[in-house]
Amino acid sequence: MVLPGIEALEAAAEIVHRVLQPTPQIHWPLISVRAGAEVWIKHDNHTPVGAFKLRGGLVYMERLCQRQPKVTGVIAATRGNHGQSVAYTAARAGLRAVIVVPHRNSCEKNAAMRAMGAELIEHGEDFQEAHEHAAGVSEAEGLHFVRSFDADLLCGVASYALELFGAVRDLDAVYVPIGMGSGICGTIAVRDALGLRTEVIGVVADRAPAYALSFTAGEPVAAKVADTIADGMACRVPDADALRIIRQGAARVVTVEEEEIRAAMRHLFSDTHNAAEGAGAAALAALLQERRRMAGRRVALILSGGNVDRDVFARVLAG
């Protein structure tokens, strides 16, 4: 996969912005004091599906309907936010949407997808098993399979980086959570297209370390587990194209522990009064882990989503 240039990125952003207003990037003083740096948060928890994934879905679905005007339905595997994006954009396009989630998935994300008109299938113990089942259903029922990493998804989600870099100049670094990789790869694409020197730093959970292991090894390495409160980062098998882009364009990949993620969720609520799901708080967790290294620098954090179940969030806030 070749990274898109500025014209392709801007064309995708135009598709996104027909539906979605640019989300805010805010300099929060309390977070900055806590981190010892000038911190800007990109609030992609402020979208109609509560997460950045909608951007990619808007571009993907428009281009799918242009390329395959006879398509009647789509299918995707998800832990929630990709599925919400597919459900939302399929409904806009008048397409059937089937979403496969693992057992014990977020009940509130499941409810949101059903409310958007999706047919939900529960299968498997993690995202990878749901993904493999979705591929089989796609073949059996003639549904178009919307994978979690794709060039059109990358172009769409890259629109948040265009907004961020356009609004906040001279960023030293951006921390980006890694699920299947569209967000960080989109950020790298925009950084490179604009000719900036900003470091792009990936973040994974220690209980879903596939991309960190693969970044170090220089080739895809499957993790044994992907069981983390940051369900949006619960990847067990990395995408080879995404890994290549990350290895070429990211400064490093930081691994954060479960309690670091939970603490970051609490900090974001107390310091900004924003609810962040685990993946959405991971960037702050990584910055706080690297507090000494990043002291005094201008740093952005991608708050990728706020879709955390109420009971889970209550337990996190209770500490």
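User: Which helices each supply at least two residues of the lining of the largest pocket?

Analyst: In this predicted model, the helices in question are H5, H12 (258-272) and H14 (310-318). H12 gives the most, with three residues. The pocket holds about 590 Å³ of space, and 26 residues line it. Nearest its centre lie Arg79, Arg104, Thr228, Ile229 and Asp231.

User: What makes a residue count as part of the lining, and how is the lining of the largest pocket divided by class?

Analyst: A lining residue has an atom within 4 Å of a point of the pocket. By class, the lining of the largest pocket has 13 charged, seven nonpolar and six polar residues. Asp, Glu, Lys and Arg count as charged, so Arg79, Arg104 and Asp231 belong to that class.

User: What is the volume of the second largest pocket, and which residues line it?

Analyst: The volume is about 160 Å³. The lining consists of Phe165, Gly166, Val168, Arg169, Asp170, Leu171, Leu194, Leu196, Arg197 and Thr198. These divide into five nonpolar, two polar and three charged residues. Gly counts as polar, so Gly166 is placed in the polar class.

User: Why is an empty space called a cavity rather than a pocket, and how many cavities of 30 Å³ or more are found?

Analyst: A cavity is a set of points where a 1.4 Å probe fits but cannot get out, whereas a pocket is an open set. The search of the whole structure finds three cavities of 30 Å³ or more. The largest has a volume of about 340 Å³. It is lined by 28 residues, and Lys53, Gly179, Met180, Gly232 and Met233 are the closest to its centre. Helix H4 (81-93), strand E7 (173-177) and helix H9 (182-193) each give two or more residues to this lining. By class, the lining has 12 nonpolar, 11 polar and five charged residues.

User: Why are E5 and E6 said to stand at the edges of their sheet?

Analyst: The sheet is open, with four strands in the order E5-E4-E3-E6 and parallel pairing. Strand E5 (119-122) and strand E6 (144-145) each have a single partner strand, so one side of each is left without a neighbour in the sheet.

User: What makes E4 and E5 count as paired strands?

Analyst: Pairing requires at least two bridges between two strands. Four bridges join strand E4 (residues 96-101) to E5, so the two strands meet the requirement. In one of these bridges, Ile99 has Leu120 in E5 as its partner. Helix H5 (residues 107-115) packs on the sheet and touches both E4 and E5. The direction of H5 makes about 145° with that of E5.

User: Which strands form the edges of the six-stranded sheet?

Analyst: Its order is E1-E2-E10-E7-E8-E9, with mixed pairing. Strand E1 (25-27) and strand E9 (252-256) are the edge strands, as each pairs on one side only. The twist averages 25° from one strand to the next. Inside this order, five bridges join E7 to strand E8 (residues 199-205), and the two run parallel. Val176 has Gly202 in E8 as its bridge partner.

User: How do you know that H10 and H11 are in contact?

Analyst: Contact means heavy atoms within 4.5 Å. Tyr211, Ser214 and Phe215 in H10 meet Ala242, Leu243, Ile246 and Arg247 in H11, so the two helices are in contact. These residues divide into five nonpolar, one polar and one charged. The helices, H10 (residues 210-217) and H11 (residues 240-249), pack at an angle of about 60°, with their axes 10 Å apart. H10 passes H11 in a right-handed crossing.

Terms used:
Residues are numbered from 1 along each chain as its sequence is written. This is a predicted model: local features need pLDDT of at least 70, side-chain atom pairs count only at pLDDT 80 or more; totals for chains, interfaces and linings use all residues. Side-chain values use heavy atoms; hydrogens and water are left out. On a 1 Å grid over the protein atoms alone, a cavity is a set of points where a 1.4 Å probe fits but cannot get out, and a pocket is an open set with protein on both sides within 12 Å along at least five of seven lines; lining residues have an atom within 4 Å of a point. Grid points are joined across faces, edges and corners, and a volume is the space filled by probe spheres set on the points. Axes are lines fitted to C-alpha atoms, for helices over the stretch in contact, and angles run from 0 to 180 degrees between N-to-C directions. A crossing is left-handed if the near helix is turned anticlockwise from the far one by less than a right angle, and right-handed if clockwise.
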